[in-house]
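Q: Please take a close look at one part of the model below. I would like a connected account of that part and then of the fold behind it.
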Amino acid sequence: MTTIKPAEGAPGARILGVGGYRPRRRVTNDELAQVMDTNDEWIQSRVGIAERRWAEDDETLVEMAVAAGGKALAASGLAPDQVDLVIVASASLRHPIPGIGPQVAHRLGIPRPGAFDLNAGCAGFCYALGLASDAIRTGSARHVVVVGVERLTDVTDRNDRATAVIFADGAGAVVVGPSDEPGIGPVAWGSDGDQYSAIEIDVESAFLTMAGQAVYRWATTRLTETLQEAMDKAGVTAADIDVFAPHQANLRIIESMAKKLGFGERTVIARDIVQAGNTSAASIPLALGALLESGEAKSGDLALVLGYGAGLTFAGQVLRLP
Amino acid sequence: MASTQEIQAGLGEILEEVAGVAPADATPEKSFTDDLDVDSLSMVEIATAVEDKFGVAIPDDQLANIKTVGDAISFIESNQG
């Protein structure tokens, strides 16, 4: 009988480069307080955000994804034609057909790669990173560009003080390639579909709504086990983690998770939300990029990441920073 | 089963730990939001701490009905065990 030949994969996969794009327009809490019933103290104490970026008309999903992806490619040292898979994670596409993955790949100068979009809410980046790592290890791809990009302001009611102060825009990207030593740990992922309506775009208003208390409770109680699972699967403990970069949803959730995992002085905690707001699928690569740029995180550091959000979905893994 | 006094004392400890409320201030007539300056997310933290300490379940829809320290004490009393 004829047998089907399997692909030849790499022993491991690792991140080769990180890049981000932050929209030009900064929106401070004071600016929001001029148009809605809120104030800096209220916003900072509830969600820990001081300012966020709002994309202008020309800063489209594709433009932001291309800018972030291009920076990640440059940081990786790879030529575009070495990439054979592009995954764009986003939850804020207003026009779902066509997906933007192929267009982003084309604009990056990558010839005819596998390319698609992935919607796993704010967990999208970590879902995509898990798939990228697996594609490289199984031989489906050699080099992968993973982008998280959002224009949440397109789906946010700018007069709703419960959501307008939180959700923002931006793009973050990584390039993933083969390695002898694993640089991306096994993904710990899952979903709680019984809470599908906790974060959703309301059909009538077309605006994003969130059951804040339910999501906060879920994130601060149910996700600790996922973070632990990601570390267990990678064979590391909290004492080994140099950088903790969970999805930047709410500073209080970040601090609660860090406390529950027992991170001490030696672990750098990503707090990019203070400057970026909640950028959903873009938040983790944006946060990692900022820490590497500022020198707070170094090449070779071990990072723990966790995306979580609409679905409800969650995915986390341990990474070696490039 | 914890007595009313034990519940009040235990709830007081949780309020102090989670929201920095002085134990002497956590009297039954106090409103969490208006008197004790406890915000909606801290209410969730209080609810999960109460669940762990007293073995009760406080779903979000019921949490919305707990306005005062006394409401919380009554809820725990009637749902524990």
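How many residues does the contact take from chain A, and how many from chain B?

A: The model is a predicted one. In it, the contact takes eight residues from chain A and seven residues from chain B.

On the side of chain B that touches chain A, two elements give two or more residues: helix H2 (40-54) and helix H3 (60-63) of chain B. H2(B) supplies the largest share of that side, with four residues. By residue class, the side of chain B that touches chain A is made up of three nonpolar, two polar and two charged residues.

Next comes the partner, chain A. Chain A contains 14 strands and 10 helices. Its radius of gyration is 19 Å, and the globule rule gives 20 Å for 322 residues; the two are close, so chain A is as compact as a globular protein of that length. Along the principal axes, the C-alpha atoms of chain A fill a box of roughly 70 × 45 × 40 Å. Buried residues make up 53% of the 322 in chain A. Among the contacts in chain A with a separation of 6 or more, 79% link residues 24 or more positions apart.

Within chain A there is an open sheet of five strands, in the order E1-E7-E6-E4-E5, and its pairing is mixed. Strand E1 (12-21) and strand E5 (114-118) of chain A are the edge strands, each pairing on one side only. From one strand to the next, the twist averages 15°.

At the E5(A) edge, the neighbouring strand is E4 (residues 85-89) of chain A; E4(A) and E5(A) run parallel and are joined by five bridges. Val86(A) has Ala115(A), in E5(A), as its bridge partner.

Two helices of chain A also belong in this picture. Helix H3 (residues 61-76) of chain A packs on the sheet, where it touches E1, E4, strand E6 (144-151) and strand E7 (169-179) of chain A. The direction of H3(A) makes about 130° with that of E1(A). Helix H10 (residues 283-294) of chain A lies across E1, E6 and E7 of chain A, and H10(A) runs at about 85° to E1(A). Strands E1, E6 and E7 of chain A are thus listed for H3(A) as well as for H10(A).

Technical notes:
Residues are numbered from 1 along each chain as its sequence is written. Chains are lettered from A and ligands numbered from 1 in the order in which they are written. This is a predicted model: local features need pLDDT of at least 70, side-chain atom pairs count only at pLDDT 80 or more; totals for chains, interfaces and linings use all residues. Ala, Val, Leu, Ile, Met, Phe, Trp, Tyr, Cys and Pro count as nonpolar, Asp, Glu, Lys and Arg as charged, and the others, Gly among them, as polar. The radius of gyration is taken over C-alpha atoms; the globule rule is 2.2 Å times the number of residues to the power 0.38. A residue is buried if 20 or more other C-beta atoms lie within 10 Å of its own, exposed if 12 or fewer, and partly exposed in between; C-beta atoms are placed from the backbone. Two strands pair if DSSP finds at least two bridges between them. Axes are lines fitted to C-alpha atoms, for helices over the stretch in contact, and angles run from 0 to 180 degrees between N-to-C directions.
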